Amino acid sequence: PDAYMEVALVFGSIEKDKAKEFLPKLVDVASPSVFERAVASLQNSNLDARASATDILVALHEIDIRSADAADDKHSGVSLKSLVNVCNTCFSANTSDYFTSSAVASALSHLVDRTPLPKLFMRTAMLAETAHPSLKEFSLELLEKLAKRKVWKMDRGVWEGFARSCKKAAPRSFPVMATLPISTVSAASPIALRIASSTRGE
């Protein structure tokens, strides 16, 4: 809607707390192109109290996701599809100058210790490594932290995302998978299962 485009154009003139407060509405109603305009507004802003790229990425993962049963309730969060689309935009060519590798790493560092872990955390971590290859070692550090936090006991979607990330990072991720309980490792990689077993002398 035009009203949201108008807000996006002046998003950089809104102080951080207000911008974060308005973000769910922008995500749920506006298109990714409108979000790109909001990012451009932030990037060109001279306001000292404006939201940073790290602030925005963290705030996106703090937004409540509307359940399928509440599809018609506009006060119960945002749709998963809308949030995924906006998160994808954070790693597009049009926003890469704003969502830099350092900003993204800072956001993920803030989020990795959250309980519960945000639903889209692993998806964002994988997008981050693809968009910013320099974050490969950082991504391994995230996997190590999650392994220590017993990620296999977390939300099923988070665990599955962890497993996919381990597969993608193989063989660099084998030392991480070797620290997991044997019963869980096969979900991440059959090869890693053999490596983990041999590491433990099993």
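Leucine 23 is in contact (heavy atoms within 4.5 Å) with Phe11, Phe35, Ile56, Ala59, Leu60 and Ile63, leaving aside its neighbours within four places in sequence. This is a predicted model, in which local features need pLDDT of at least 70, side-chain atom pairs count only at pLDDT 80 or more, and totals for chains, interfaces and linings use all residues. Residues are numbered from 1 along each chain as its sequence is written, and side-chain values use heavy atoms, with hydrogens and water left out.

**Nonpolar core**
- Leu23, Ile56, Leu60, Phe99 and Phe162 touch the most other members of the largest nonpolar core, which has 61 residues.
- Such a core is a set of buried Ala, Val, Leu, Ile, Met, Phe, Trp, Tyr and Cys residues joined through side-chain atoms within 4.5 Å, where buried means under 20% relative accessible area (1.4 Å probe, protein chains only).

**Cavity**
- The structure holds 1 cavity of 30 Å³ or more; on a 1 Å grid over the protein atoms alone, a cavity is a set of points where a 1.4 Å probe fits but cannot get out.
- The largest cavity has a volume (the space filled by probe spheres set on the points, which are joined across faces, edges and corners) of about 50 Å³.
- Its lining residues (an atom within 4 Å of a point) are Phe121, Met122, Ala125, Met126, Glu129, Ser139, Leu142, Leu143 and Ser165.
- Helix 7 (a DSSP run of H or I, at least four residues, numbered from the N terminus) gives the most to this lining, with 5 residues.

Conventions
1 Å grid on protein atoms, 1.4 Å probe; cavity = no way out; pocket = protein on both sides within 12 Å on 5 of 7 lines; lining within 4 Å. Helix = DSSP H or I, 4+ residues; strand = E, 2+ residues; numbered from the N terminus. Buried < 20%, exposed > 50% of the residue type's maximum accessible area, 1.4 Å probe, protein only.
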